[in-house]
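Colleague: Could you take me through this model, explaining how each feature should be read before we turn to the case at hand?

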Amino acid sequence: MQLLVCGGTGCNDLQSEAILDNLRLELEANALENDIQVIKTGCFGLCKLGPIVKVMPDEIIYTKVNPDDAREIVTEHIMKGRKVERLLFTDPITKKTISKAGEMNVYKKQLRIVLRNCGVIDPENIEEAIAHDAYKALGKVLTEMSPEGAIKIIKDSGLRGRGGGGFSTGLKWEIAFKNKSDEKYVVCNADEGDPGAFMDRSVLEGDPHSVLEAMAICGYCIEAGKGLIYIRAEYPLAVARLKTAIKQAREYGLLGNNIMGTGFNFDIEIRYGAGAFVCGEETALIHSMEGLRGEPTVKPPFPAESGYRGKPTNVNNVETFACISPIILKGAEWFSSIGTQKSKGTKVFALAGKINNVGLIEVPMGTTLREVIFEIGGGIQYGKKFKAAQTGGPSGGCLTEKHLDLPLDFDNLIAAGSMMGSGGLIVMDEDDCMVSVAKYFLDFTVEESCGKCAPCRIGNKRLHELLEHITKGKGTMADLDRLRNMSLVIKDTSLCGLGQSSPNPVLSTLDNFHDEYVAHVTTKKCPAGKCRDLMEYFIISANCVGCTACARVCPVNAITGERKEPHLINPSICIKCGACMEKCKFDAIIIQ
Amino acid sequence: METIKSPADLEKSKAAILARMHGKEKTRIRVHMGTSGLASGAKEILEFLTLELQKRSIDADIIRAGDLGYCFAEPTIEVKRVGEDPLVFGNVDKQKADEIIEKYIKNGEYVDGILPVNYRTI
Ligand SMILES: Cc1cc2nc3c(=O)[nH]c(=O)nc-3n(C[C@H](O)[C@H](O)[C@H](O)COP(=O)(O)O)c2cc1C
Ligand code: SF4
């Protein structure tokens, strides 16, 4: 028998160490320490109910366990085989107590469709993929379905593009199918330029065949013979695994001529990007593949009419493609039963920032932000307070405390002033300054703007300058209006999605954290204490014993005072390096 | 390997692969080697496991897989003992890997650092 105790960061704050100790002591007291193992585990993703103790092999889960409960668990459950009822979880809906992990609805909030094989199969061995049903959907489509039939399934499934726009994938395929041409292309967008996002990389590294198979299915549906994967050269491992996968698929007759003896020909090539964010925009991506500058052009014409080499081209994101085979095999109804009314299926998020369980998760659409951050994500690091979460990367906006119970889907996020984007989710805590966050994203867009059109090239630069001004304490209330007006003009007049969305981080922080902006421009204070120029180091004379340690460490001699007398910092000399504060043993130095 | 000439062929080859995989039931270890795993030292763990299992005459399959998404606990490995549910261990260094071999792989005894499965899959 084993007792598993959750040692995830969230539960650790709630005394999981003490529970471990007490369980061991109780077992020893009953001479059971050699028969029963006490094991510390990682997070169960049940932080709301923590600390958790799971009894194996019975699979009984105890929730909200106290160190004092150890005795009862040992004497009742272990020794007498009786469950400790009061520690079992009560289902909020049925009001019944549930003991088995598998029966807990709240347990396992994640559902893996896109990541179904990631971490499971050897991506460099096609046989493992085949053992997990790779290429089965392709076989089914090629032998049992017409292009129209397969497109209808994708359309009915409600799948929407995961690259950011959220356009219906079935509809996109239908348009490409209807545009007749002797030459058509299927393009997989694996550019993934958002800072903090790595969903697509993980899929390509863990399960490349899922993407290859779906591209071939798309090729059959839109009557294209050639697929191109546009991937950034900064993803060497993903590139290597894709190459291996393509080679093996060709050897097995699953790519190339006469696939599975059906007469259908389809082959895939890799094209490299140099890691420019704007090249993720589909028209820029196509130009880049053609050897031209990676600059967007006006749509229409959409790629489905005139794309690569002027031919009808269907561009989809990696994650979109990874959904295709399960939809074909399990049906449109299955897929559309998952998610919300207008957003079907699951979404992969890359959790980053001040969150305990940094990493990739996949949840059904409609999962709330609270579930993502506080249950699956294990909560905020160091028990700090949640402040905001940025979705949609540099094109998105921030969600705040009032959005915690918002079901995450395409439309809700837009209504909340953010967007789904590709799935990066950056969590910020009370120590983050939202003006600086907006400035950080603007740094990125200014750097990544291709410079083709004036509103984006000049406007974003101006926005950035204004934010810089504000964080330096030189802003005024009028600047806040200027920020908003300029943002709206940039959004309205930019050529491509980059410029049209780049002011979003500014607008959403302005809306949600207006007081913080006001503090920066009126009282010249940064409430989070992040903006260096607005900080002042200050010595509390009551705490200062006059040890002179601070004065000696200050590199610019800004601190004066007699030995054994309270010292003083001269703010006009201080360069705010923080050295004195680190040195002070009496907590006499604070930031104001 | 012959090329697959029809969907029926694909089924056949799947069956053959599965038979080959399950024919020789033995402990199966997956080392998660995506960018995130590799950056935290998964390659070293793979080499350590390969060498040590051989040294200690333990017959097990080692598979290189992609990442599971547990970036906060990389490197991670999954061990499936014959007839048991697989277990995933996080923050595996050489010392932990040694403990896993000695305790779990050899005797089925659990060791600290198990990452509970908190997802369903299709
Ligand atoms: C500035 C910018 C960057 C983009 N970057 C990406 C990207 O990295 N990956 C991606 O799949 N789509 C990206 N897109 C969206 C693509 O233009 C396109 O809509 C998408 O690839 C279509 O695939 P989907 O329908 O499967 O989402 C970006 C769009 C813009 C405006
Ligand atoms: S909006 Fe920006 S990135 Fe897009 S075309 Fe104009 S300058 Fe280039």
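Colleague: How many disulfides does the count come to over all chains?

Modeller: A disulfide is a covalent bond between the sulfur atoms of two cysteines. The rule here asks for a pair of cysteine sulfur atoms within 2.5 Å, and by this rule the count is zero over all chains. Cys554(A), for example, is in no disulfide, the nearest cysteine sulfur being that of Cys577(A), 6.2 Å away. Cys554(A) is also buried, with a relative accessible area of 12%, where buried means under 20%, exposed over 50% and partly exposed in between (1.4 Å probe, protein chains only).

This is a predicted model, in which local features need pLDDT of at least 70 and side-chain atom pairs count only at pLDDT 80 or more, while totals for chains, interfaces and linings use all residues. Side-chain values use heavy atoms, leaving out hydrogens and water, residues are numbered from 1 along each chain as its sequence is written, and chains are lettered from A and ligands numbered from 1 in the order in which they are written.

Colleague: Which residues come nearest to ligand 2?

Modeller: Counting residues with a heavy atom within 4 Å, there are 13 around ligand 2, of which Cys450(A), Lys452(A), Cys453(A), Cys456(A) and Cys496(A) come nearest. Cys456(A) is buried, at a relative accessible area of 6%.

Colleague: How many residues does each chain bring to the contact?

Modeller: With contact taken as heavy atoms within 4.5 Å, chain A gives 58 residues and chain B 47 residues. For the complex, the predictor reports an ipTM of 0.90 and a pTM of 0.89.
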